[in-house]
Amino acid sequence: MKELLKKLTEAFGPSGEENKIREVILDEIKDYAEEVRVDALGNIIARKKGPGEKLMLAAHMDQIGLIVTNIDDKGFLRFSNIGGILPLTLFGERVVFENGTIGVIGIEKMDDLKDIRDIKLNKMYIDIGARDKEEAKKKVRIGDKAVFYEGFDVVGDFVTSKALDDRAGCAVLIKLLQEVKSPKYDTYFVFTVQEEVGVRGAKTSAYGIDPDLAIAVDVTMTGDTPEAGKMAVELGKGPAVKIMDRSVICHPKIKEMLIESAEKNNIPYQLEVLEMGGTDTGAIHLTREGVPSGCLSIPTRYIHTPSEMASMSDIENAVKLLIHVLEK
Ligand code: CO
Ligand code: ZN
């Protein structure tokens, strides 16, 4: 599982540019799904047939990133955000473009900076070591996207990397595809695109599949770091059954299905109420005439920073819990 997660988190794939991560996932699942297709927007839809209702499982394969908006005469790149980027996580950060070009993020008038909260993206730039505009343009074009540089490391009982949001969820779906032999549901495993810019891939794939039930797997925040907000989710205490976030109130049927699977099989779990943010579930449950939907979350610290942190045991327990949901 660690190897898989390392491979997934290190694959390039900001929203709208998911080619590389899609290839990695297709390679992992090709021998296990009965049908695999890539739809018009780039979502991977893999199916394992079963006798029951149509169940859609979703994890997003895109990650947050930066997009080049302008290249100045000296070869410095100005940029905007793709998804939720906190400016204060960027200063001194290294980023990497799809072609391997490395950049360092600098800030204007650094010596005058009094409060890190005052930093705005439009006062920052990416330095790719180019001498001038011409040299920069040989490496990067307007609209090119970059992602955080950080690799995958094991720290104590936990792992840290960029893009655990939501490659951790992708790893869970891949393992399920590999391990579930005959699901009781007609199961669609969907690796969605463009979640970070507004759950766009989930919206179109759910419309196409027209599922009877849906479960997303994504990361959620925790309340277990120094003076964190009062959130009842901790690393290592099991995957979290989402009750609510800003995009969805999870359907009681799915919520109970997940809780029951955990309790019957002695799998640790937590309950999650997230007072901000959303996931693919937000789009899926509003599809057509409505889809009973829920979400199983991987507790994660430092979400949307270069070094997100999660517990391998929570990820493995998420797989176990969902195997029981599918096979029972
Ligand atoms: Co995210
Ligand atoms: Zn996510």
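In this predicted model, the cobalt ion (ligand 1) and the zinc ion (ligand 2) sit 3.3 Å apart, and Asp165 coordinates both. Asp165 lies in helix 4 and His304 in the loop between strand 16 and strand 17, so this pair ties together parts of the chain that are 139 residues apart in sequence. Asp165 and His304 are both buried.

What else holds the cobalt ion (ligand 1)? Its donors are Asp165 (OD), His304 (NE2) and Glu196, the last listed twice through OE, at 1.9 to 2.6 Å. Along the chain these residues follow the spacing D-x30-E-x107-H. The 4 donor atoms make angles of 55 to 149 degrees, and the site is irregular. For a tetrahedral label, all angles would have to lie between 85 and 135 degrees.

The zinc ion (ligand 2) has its own set of protein donors: His60 (NE2), Asp165 (OD) and Asp218, again listed twice, through OD. They lie 1.9 to 2.6 Å from the zinc ion. Here the sequence spacing reads H-x104-D-x52-D. Why is this arrangement called irregular? Because the 4 donor atoms around the zinc ion subtend angles of 52 to 148 degrees. Asp165 in helix 4 (residues 164-179) and Asp218 in strand 13 (residues 213-220) tie together parts that are 53 residues apart in sequence. Both of these aspartates are tucked away from the surface: Asp165 counts as buried at 6% relative accessibility, and Asp218 is buried with a relative accessible area of 4%.

Asp165 has another feature worth a look in the backbone. A cis peptide bond joins Asp165 and Asp166, with omega at about 5 degrees. Asp166, like the metal ligand before it, is part of helix 4. For context, most peptide bonds are trans, and most residues other than glycine have a negative phi. Two residues go against that second habit. Glu227, which is not a glycine, has a positive phi near 50 degrees. Glu227 sits in the loop between strand 13 and strand 14 (240-244) and, at 84% relative accessibility, counts as exposed. Tyr302 is the other one, with a positive phi of about 60 degrees. Tyr302 is found in the loop between strand 16 (293-301) and strand 17 (308-311), and its 40% relative accessibility makes it partly exposed. That loop also carries His304, the cobalt donor.

Strand 17 leads on to its pairing partner, strand 11. These two strands run antiparallel over 4 bridges, and Val159 has Ala310 of strand 17 as its bridge partner. Strand 11 also pairs with strand 10 (residues 153-155), antiparallel and joined by 3 bridges. In that pairing, Val154 is matched with Val159. The hairpin of strand 10 and strand 11 has 2 residues between the strands, and Gly156 takes a positive phi near 60 degrees there. Is strand 11 covered on one face or on both? Both: Phe158 and Thr160 on one side, and Val159 and Ser161 on the other, are all buried.

Strand 11 also turns up among the packing partners of helix 1. The buried residues of helix 1 (residues 2-10) are Leu4, Leu5, Leu8 and Thr9. Seen down the helix axis, they fall within an arc of 120 degrees, so they line one face of the helix. An α-helix has 3.6 residues a turn, so residues three or four places apart point the same way. The buried face of helix 1 packs against helix 2 (19-29), strand 11 (158-161), helix 4 and helix 8 (312-327). Helix 4 is thus a shared element, since it also holds Asp165 of the metal pair.

Elsewhere, 6 strands close into a barrel with antiparallel pairing, in the order 4-5-8-7-6-9. The twist from one strand to the next averages 45 degrees. Within the barrel, strand 6 (residues 94-97) and strand 7 (residues 102-107) pair in the antiparallel sense over 3 bridges, and Val96 stands opposite Ile102 of strand 7.

One last spot is His285, in the loop between helix 7 (280-284) and strand 16. Which residues does His285 touch, apart from its neighbours within four places in sequence? Its contacts are Ser247, Val248, Gly290, Val291 and Ser293. Tyr149, by contrast, is 136 residues from His285 in sequence and 34 Å from it in space, C-alpha to C-alpha.

Definitions and conventions
Residues are numbered from 1 along each chain as its sequence is written. Chains are lettered from A and ligands numbered from 1 in the order in which they are written. This is a predicted model: local features need pLDDT of at least 70, side-chain atom pairs count only at pLDDT 80 or more; totals for chains, interfaces and linings use all residues. Side-chain values use heavy atoms; hydrogens and water are left out. Donors are N, O and S atoms within 2.8 Å of the metal (3.2 Å for Na, K and Ca); water is not among the atoms, so sites may look incomplete. Four donors count as tetrahedral if all angles lie between 85 and 135 degrees; four count as square planar and six as octahedral if opposite donors are over 155 degrees apart and all others between 65 and 115; anything else is irregular. Buried means under 20% relative accessible area, exposed over 50%, partly exposed in between (1.4 Å probe, protein chains only). The arc is that of the directions from the helix axis to the C-beta atoms. Contact means heavy atoms within 4.5 Å. Two strands pair if DSSP finds at least two bridges between them. Axes are lines fitted to C-alpha atoms, for helices over the stretch in contact, and angles run from 0 to 180 degrees between N-to-C directions.
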